[in-house]
Amino acid sequence: MRISGGEALVKSLVGEGVEVVFGIPGIQLYGIVAALRDEPGIEMITTRHEQAATYMAYGYARASGKPGVALVVPGVGIYNAAAGLATAYARSCPVLLIAGQIPRGQMGKNLGGVHEIEDQIDIVRPVTRWQQQALTPKAIPGVVSEAFQQMRSGRPRPVYLEIPPDAGVERDEVELVDPAPVSRPMPSSEQLEKAISAILQSRLPLIVAGGGVALSGAEQALLELVEASNIPVVTSGGGKGAVPDSHPLCYGSCVSPGGERHEMNQLLDVMKSADVVIGIGTRFSLGNPAGEASTLVNINIDEFDLNRIQANTIALHGDAKATIDALAPLLIDAGCRDRPSPAQAVAAARRLIAYYDIRDKEPQYPILEALQRGTPDDAFTVWDVTQFGFYARTHWQVNHPNTYIDSGYSFNLGYAFPAALGAKMAQPDRPVVCVTGDGSFMFNSSELSTAVKYGINVVTVVFRDDAYGNVARDLDDFFAGTYGTDLANPDFVKFAESFGAIAMRANDPMDLETLVPTALEQQSPVIIEVPIAHIPLTRPKQIEHVPNLPWTHPQD
């Protein structure tokens with residue numbers, strides 16, 4: 001068919017199942033924007049900043065399990081959008097960034113064209129898995145197909161495609177490409193047998209479930225494996241919800257070695273006692289707590305993460321779901337079902353954690369618990385880089401897959417509000433609650449305009465302490481005084497109402513138990529301002545490593 005490059009792009013996106021694109025129209029994108037306008041199968045959500053466009057694509061991908069798509073102008077537009085790519089890269093999330101370019105004839109000549117950046121593709125290379133140009137209409141369908149194949153195979157990561165403006169408006173005979181089939185790699189039968197032998201001989205096996213479980217849609221398969229084998233589970237930060245926290249064989253979530261609170265230490269003790277650790281889709285970023293004394297059965301689709309953790313490893317290179325589906329019946333046939341249930345031991349450990357929570361009750365806990373009581377069990381929660389976000393990584397109870405969204409090791413301040421809007425676009429019939437601070441909310445607060453314009457009815461809880469509170473606390477604790485952390489904030493109620501959103505103000509943080517349900521009943525975006533005093537972190541005396549973190553103390 002004879003179509004423009006913009007139409008070839010949009011039709012290719014439709015063929016790949018894309019329903020929404022987040023972005024900002026700009027001069028190098030006119031051919032693409034016109035094609036989006038004329039395509040009823042795709043909605044374009046116009047954001048107020050390119051950073052928000054990739055954050056929304058990230059939230060959309062996390063909540064839907066499908067690739068999120070963002071569209072920006074070249075040059076500075078890509079620099080602005082790169083923060084969202086970094087977040088998606090950290091959380092192994094499929095996001096496609098489509099960027100414009102300067103005209104083909106000007107590329108590489110450094111003539112000072114509008115938005116020109118020399119070697120533009122190198123901007124995103126560190127935070128994308130794959131990068132490509134499509135310089136003609138004919139080239140676009142094949143490149144789009146390759147982009148989606150890259151996102152859907154192996155470890156998902158962001159990808160990048162750039163198109164010059166002339167390619168977007170030129171017309172040519174273009175052949176569209178059907179979506180490429182995606183295979184699920186799995187280990188050899190010899191590798192599986194070796195893993196089964198180690199598991200059957202183990203005394204205290206433990207599963208550590210990471211984000212790769214959700215990325216492969218393996219939650220149900222994992223749950224069936226756990227119940228058939230009676231092997232208990234700890235989830236990583238990225239794996240929260242892979243097995244419900246309420247399940248009798250789930251200890252809960254342990255973010256990483258070196259946590260500050262008792263519950264982290266109790267979970268680490270559980271992990272250290274295991275003689276076989278079965279890692280499923282997790283990076284073990286700071287190592288396997290059980291160490292070389294244990295055998296690590298490492299199920300991972302990323303070859304880089306298979307053998308780097310410890311020498312005593314049985315590496316199972318494969319997709320999480322495909323590998324579990326192959327492993328589970330072999331384990332059952334070998335008699336793993338006869339293993340005594342550890343449910344009583346798991347319950348005892350969880351009671352011990354609860355005991356320490358009561359004994360060393362910190363002021364963050366009751367507030368977080370009030371928020372949990374007010375939030376529906378099936379709600380998506382999106383956590384910014386705040387003190388409550390840190391506590392949520394271990395303490396927030398998650399019983400539905402994919403509903404807990406954070407920024408991973410990228411720790412992007414301010415990502416949460418636009419990411420929550422993207423999650424709501426993906427799941428319009430599900431409640432979405434964003435938890436952020438005053439400092440982080442103001443990074444992308446202009447997206448209130450986007451939320452109101454498109455009716456994206458997210459409830460956003462803004463904890464207000466008029467400071468970059470975590471930084472202020474650390475400077476006070478470790479450097480004898482804070483500096484540059486005080487903030488001048490608007491009245492968030494009036495601010496939200498000026499956009500046409502609904503706003504509420506808590507008299508007490510514990511009011512969240514009733515305010516959140518009320519907010520979720522509104523047919524509008526809602527901001528809940530929660531004034532809060534400085535809350536210190538309780539640092540148990542036995543946690544002596546805290547002052548020795550590399551950002552607080554010189555390292556050897």
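User: Is the crossing of α7 and α11 left-handed or right-handed, and what makes a crossing one or the other?
Analyst: The α7 and α11 crossing is right-handed, a label for a near helix turned clockwise from the far one by less than a right angle (anticlockwise would be left-handed). This is a predicted model, where local features need pLDDT of at least 70 and side-chain atom pairs pLDDT 80 or more, while totals for chains, interfaces and linings use all residues. Residues are numbered from 1 along each chain as its sequence is written, and side-chain values use heavy atoms, with hydrogens and water left out.

User: Why are α7 and α11 called oblique?
Analyst: Helix α7 (residues 189-201) and helix α11 (residues 320-333), both DSSP runs of H or I with at least four residues, have axes that cross at roughly 55° and come within 10 Å. Axes are lines fitted to C-alpha atoms over the stretch in contact, with angles from 0 to 180 degrees between N-to-C directions. Under 35 degrees is roughly parallel, over 145 roughly antiparallel, 65 to 115 roughly perpendicular and the rest oblique, so α7 and α11 are oblique.

User: Which residues make that α7 and α11 contact?
Analyst: L192, I196 and I199 in α7 meet T323, A326, L327, L330 and L331 in α11, where contact means heavy atoms within 4.5 Å. They split into 7 nonpolar, 1 polar and no charged. Nonpolar is Ala, Val, Leu, Ile, Met, Phe, Trp, Tyr, Cys and Pro; charged is Asp, Glu, Lys and Arg; the others, Gly among them, are polar.

User: What about α3 and α15: why are they called oblique?
Analyst: The axes of α3 (residues 50-64) and α15 (residues 416-426) cross at roughly 45° and come within 6 Å, so that pair is oblique. The contact includes Y55, M56 and Y60 of α3 and L421 and M425 of α15. By class, its residues are 12 nonpolar, 3 polar and no charged.

User: And what makes α1 and α2 oblique?
Analyst: Helix α1 (residues 5-15) and helix α2 (residues 30-37) pack at about 50°, axes 7 Å apart, and are therefore oblique. Their crossing is right-handed. The contact uses G6, E7, L9 and V10 of α1 with G31, I32, A35 and L36 of α2, giving 5 nonpolar, 2 polar and 1 charged.

User: Which helix gives the most to the lining of the second largest cavity?
Analyst: That's α14 (residues 387-395), with 3 residues. A cavity is a set of 1 Å grid points where a 1.4 Å probe fits but cannot get out, and lining residues have an atom within 4 Å of a point. The lining divides into 5 nonpolar, 2 polar and 3 charged.

Technical notes. Helices (H or I, at least four residues) and strands (E, at least two) are DSSP runs, numbered from the N terminus.
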